[in-house]
Amino acid sequence: MPSLFVIQGSDQGTRFLLEEPVHSIGRTQNNSVRLHDTEISRAHAELFLRGKNYVLRDMGSSNGTFVNGQAATEHELVSGDQIQIGKSLLLYTGFVEEASENLADKIDIVARAAQNDESRIVAALSHSEGSEWLMPEAGESSNPWIARARSNLQIMYRTALAVSHTMDIDQLLARIMEMIFDWVDADRGCIMLKDNQADKLVPKVRRHRRGVRSDEKITISKTILDYVVEHNEGVLTSDARDDKRWDPAQSIVKLGVREAICVPMQGRYNMVGVIYIDTSITPQRMLLNEGKADQFTEEHLRLMIAIAHQAALAIEDTSYYKAMVQAERLAAVGQTIASLSHHIKNILQGVRGGSYLIELGLGDHEGVAGLDDSDDEKAAKAVDTIRKGWKIVERNQQRISSLVMDMLTFSKERQPEPKPSDLNEVAGEVAELMQSRAGELGVELQWLPADEMPILMFDPEAMHSAILNVITNALDACEEAEIGKVTVQAKYDHDSKMARLEIQDNGAGIAPDDLESIFNVFVSHKGGRGTGLGLPVSQKILEEHGGKITVDSNIDAGSRFTLEFPANPQAAAHEPSEAQAGPTLASADLASPDLASADLSDLSDTSSP
Amino acid sequence: MEIRRLSTSPRILIVDSSVEARDILSTLLRRQGAETIETAHTASATALLQQQEPDLIVYDDESASSSSSQEKLDLSRSASRSATPIVVLGTGKRQIRPLPTEHFVTKPYHYGPLIRRIESLLEIRGATRDR
């Protein structure tokens, strides 16, 4: 659909869809394209459809209507036209031409063998070498005009390559300056970028021709700069005294600049800076040059404008990209802070509640103790209140501790420290640890170790945290179940050599829409209780072990989380300890004899008697 | 520090998805002589409001975030019709135009002032009823 997009002005970023055959543009409310710009007339211009294009017509506005910089009373618009009205700059996008034929049917990509295609590659060229053919060959006696054109084309090609190869603005500017000096015989040059906040040009790169003193200051005429910035035009000055434009200021003459080129760096939306080069021609050089001083020509000026435009586009791209990255970074930091504050606030609320109960209990206890005939029942009640409060404080202290540990695990580039470990033992410890919490919630927690579990290579502490997070979630999910039950079952699949831990609950289940986001950091579906870090941390730990967590859930029927990771064959070389009831992997399972021998040497201290 | 006991035995409905939060508030209110009813869900709170006719509702806006806005609106309107005060516990994002029966308390709050606020609302409600 055709549209007008506001590039500059108070309504910057607004897109007006052109759905009607006629649209009015103005600053009052009755206009379908209303712009909040005091330099626009109430009824400034109108757009009307003529065939497949909109025509822009000025409605006798005070400040006029301009299309691509030209005053327009009536102008048929084409996609890409820029409309300037008042201080607002609008970009017009027209109807998209519908493809008259399905090109997918007209172009076939076929396997060579299938079509007896005899084509073969006769030449290949990387895109970095693409400009080489533009280089005039040594001893080539071609037309000088063609040689110059080739040289110009080559510098444009190299500029295009330079701007596409770097995201670092300083590096890019230095490269462009270098290329300009390779191509034109300039003595000094610099690139200045516009500082929008300070509204001034700030020098970024400077360059001197070899042989010219590099400590010499580059002096640029303010008259030239002001003209370039104000008119957005590139200028070539070869003799200021003959040029009437410089009459009001004699600085060029005073500063002794004989020839200079100064071009605006005009991007897609704004002028981002200027490129300046100059050369001083001494009388000796003039003599050598047969009296000619025209070191710089209009051709140089044209090419400099084109180079500056390319550079400006790259600078705009880089700036927008940086701004976008920064905005995303700030949004992520904001979300993290908001999420952490939320969880800490809930923990704090619990601590306050527990502390308040302790305070009340202590008050009650003191009251009872002060009485002559102490009431045992009241004293016991006071102790109960204290105990209850203390339990709440302790639970929340544990919560904040888990939050901090999860944050550390999630944030640091932590490498797992695998060592021969028993998954039955680690999961059994977690299940035992969680029995008291299960009891508080009135949930049955059942632990079913695997009948056969080989010693595996994994980080037992990290795996402990991963299992703990998932079991905690399972217990919380059963909080409102009539008879809550969580089963934790370890399994080992000898065929796939995968260790699995299934944690099944009969809780509320997870809605299908929520399933996709449960592993996202800071996403919690547990109300105030969840930190949104538990599952992402567990997933990270399993992934570090080459494994994963999968989930299968049904609303009101419960969820099953499966933690699985591959057995490390190196563990097979480790002899089972006496305490280890399960069998170890047979040495025949080893994928590589090298691994086995390496492992044996590593473990010799612990496995040899 | 010490809170005087409520003169009558008011009935207070606590709506909060956190068992711990309900437990703390319920323990504190019962110490003051109140009778408490608890629920984790907004929808069942509206039903309990009609069946049990509590004197006041304490509603945790954040933990009940899984509730739909319609459920919240239904509860607010029902409470407004029966002139039952609601103490809404939540973050700074309070409603622009709360109903006259809604009273906002920003988290994290201290329990002492919260209990006193509840007492004072109950006293006002008692006085209004007596008239």
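Which side chains meet in a salt bridge at 3.8 Å, N to O? In this predicted model, the pair is B:Glu20 and A:Arg399. That contact isn't alone: the interface of chain B and chain A holds four salt bridges by the rule applied here. Alongside the salt bridges, nine residue pairs are counted in polar contact between the two chains, with both partners at pLDDT 80 or more.

As for where chain B's side of the contact comes from, two helices of that chain, α1 (19–31) and α4 (111–130), each put in at least two residues. Helix α1(B) gives the largest share, with seven residues. By residue class, the side of chain B that touches chain A splits into nine nonpolar, six polar and five charged residues. Taken as a whole, the contact draws on 20 residues from chain B and 22 residues from chain A. Between them the two chains bury about 2,000 Å², and carbon and sulfur atoms account for 54% of that area.

Now for chain B on its own. The chain has four helices and five strands, and reading from the N terminus the elements go β-α-β-α-β-α-β-β-α. Of its 131 residues, 53% are buried. Contacts across the sequence are mostly long-range in this sense: among those with a separation of 6 or more, 62% link residues 24 or more positions apart. The exposed surface of chain B comes to about 6,600 Å², with 49% of it supplied by carbon and sulfur atoms.

A few backbone details are worth a look. Most peptide bonds are trans, and most residues other than glycine have a negative phi. Against that background, chain B offers a cis peptide bond between B:Lys107 and B:Pro108, with omega at about -10°. The proline of this pair, B:Pro108, sits in the loop between β5 (102–106) and α4 of chain B. Helix α4 turns up again here, as one of the elements that supply at least two residues to the side touching chain A.

Two residues show up with positive phi without being glycine. In chain B, B:Ala83 has phi near 55°. Its place is the loop between α3 (69–81) and β4 (86–90) of chain B. B:Ala83 counts as partly exposed because its relative accessibility is 44%, which falls between the 20% and 50% cut-offs. In chain A, A:Lys497 has a positive phi of about 55°, and this lysine lies in the loop between β20 (484–493) and β21 (498–505) of chain A. With a relative accessibility of 28%, A:Lys497 is partly exposed too.

Is the loop residue A:Asp187 buried or exposed? With a relative accessible area of just 4%, A:Asp187 is buried, since the cut-off for that label is under 20%. This aspartate is found in the loop between α4 (169–183) and β12 (188–195) of chain A. Its side chain has polar partners there: a polar contact of 2.7 Å joins it to the side chain of A:Arg209, and another, at 3.1 Å, links it to the side chain of A:Thr279. So A:Asp187 pairs a buried position with side-chain polar contacts to A:Arg209 and A:Thr279.

Technical notes. Residues are numbered from 1 along each chain as its sequence is written. Chains are lettered from A and ligands numbered from 1 in the order in which they are written. This is a predicted model: local features need pLDDT of at least 70, side-chain atom pairs count only at pLDDT 80 or more; totals for chains, interfaces and linings use all residues. Side-chain values use heavy atoms; hydrogens and water are left out. Contact means heavy atoms within 4.5 Å. Buried area is the accessible area (1.4 Å probe) that two parts lose on being put together, summed over both. A polar contact is a pair of N or O atoms within 3.5 Å; within protein, one must be able to donate a hydrogen and the other to accept it, and residues adjacent in sequence count only if both atoms are side-chain atoms. Ala, Val, Leu, Ile, Met, Phe, Trp, Tyr, Cys and Pro count as nonpolar, Asp, Glu, Lys and Arg as charged, and the others, Gly among them, as polar. Buried means under 20% relative accessible area, exposed over 50%, partly exposed in between (1.4 Å probe, protein chains only). Accessible areas come from the Shrake-Rupley method with a 1.4 Å probe; for residues, only the protein chains shown count as cover.
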